[in-house]
Amino acid sequence: NAMKAGDSALMDILYAMQRLDVRLFSKVFRQGERRMIRPLARALSRSADGYLYLLVPLLLYLLGASQAGVFTALLLISLAVERVLYWLLKNGLKRRRPQEFMPGFRSLVEAADRFSFPSGHTSAAFLLATALCLVYQGPLFSMYLWATAIGLSRVILGVHYPGDTLAGAIMGSTTVIFVASKLGIV
């Protein structure tokens with residue numbers, strides 16, 4: 001009976017979290033109806049499609065930035081670890097995307113994969129922002145602002161719940177911090 005009570009309590013918590021996530025999703029998605037928000041969200045979302053993760057190290061090398069090699073190694077190893085975690089979580093938990101869960105709702109873009117949790121765009125964006133901060137330790141507020149905007153854009157476009165993007169932000173940041181600690185960077 002204690003096991004059943006524990007399972008029931010866990011299910012109650014998960015259902016409450018899902019209800020909260022759906023309510024937050026609906027509020028954020030509606031904000032996207034304001035003029036120019038959705039086109040901006042589309043552009044932001046596309047900026048995290050993957051090319052920046054190649055372009056930033058290349059740009060650092062071309063500019064002769066110190067630590068470009070360290071940054072590139074950190075980024076590549078972290079992305080490899082993060083993509084494995086992302087795939088395992090996404091395909092293990094199988095959280096349905098908003099358009100599959102909410103009757104009559106349609107997202108504004110086609111997601112690249114089937115499941116919602118965690119947000120891969122957000123995870124990779126926070127990984128890049130954190131890697132830049134760890135290696136270059138400069139005022140990289142703009143990178144975190146960009147990464148946050150990526151997460152928000154994914155909700156505004158209707159492909160992720162806020163909880164998916166929060167999980168992605170945590171996963172991307174902690175993955176690169178973990179890898180940096182193993183490489184002796186932090």
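Begin with the lining of the second largest pocket in this predicted model, and colour its residues by class: nine are nonpolar, six polar and nine charged. The volume of the second largest pocket is about 350 Å³. Of the 24 residues that line this pocket, select A48, D49, A112, H121 and R154, which are the closest to its centre.

Next, display the secondary structure around the second largest pocket. Helix 2 (37-47), helix 4 (68-93) and helix 6 (120-136) are the elements that give two or more residues to the lining. Select helix 4 among these, since it is a useful place to pause: helix 4 contributes four residues, the largest share of the lining of the second largest pocket.

Now move to the largest pocket, which holds about 600 Å³ of space. Its lining comprises 17 residues, and those closest to the centre are L14, M17, Q18, D21 and R95. Show these five side chains before selecting the elements that surround them.

Select helix 1 (2-31) and then helix 8 (162-183): each supplies at least two residues of the lining of the largest pocket. Which helix gives the most to this lining? Helix 1 does, with eight residues.

Finally, apply the colouring by class to the lining of the largest pocket. Twelve residues there are nonpolar, two are polar and three are charged. With both linings on display, the charged residues can be set side by side: three in the largest pocket and nine in the second largest.

How values were computed:
Residues numbered from 1 in each chain as written. Predicted model: local features only at pLDDT ≥ 70, side-chain atom pairs only at ≥ 80, totals over all residues. Heavy atoms only, no water. 1 Å grid on protein atoms, 1.4 Å probe; cavity = no way out; pocket = protein on both sides within 12 Å on 5 of 7 lines; lining within 4 Å. Points joined across faces, edges and corners; volume = space filled by probe spheres on them. Nonpolar A, V, L, I, M, F, W, Y, C, P; charged D, E, K, R; others polar.
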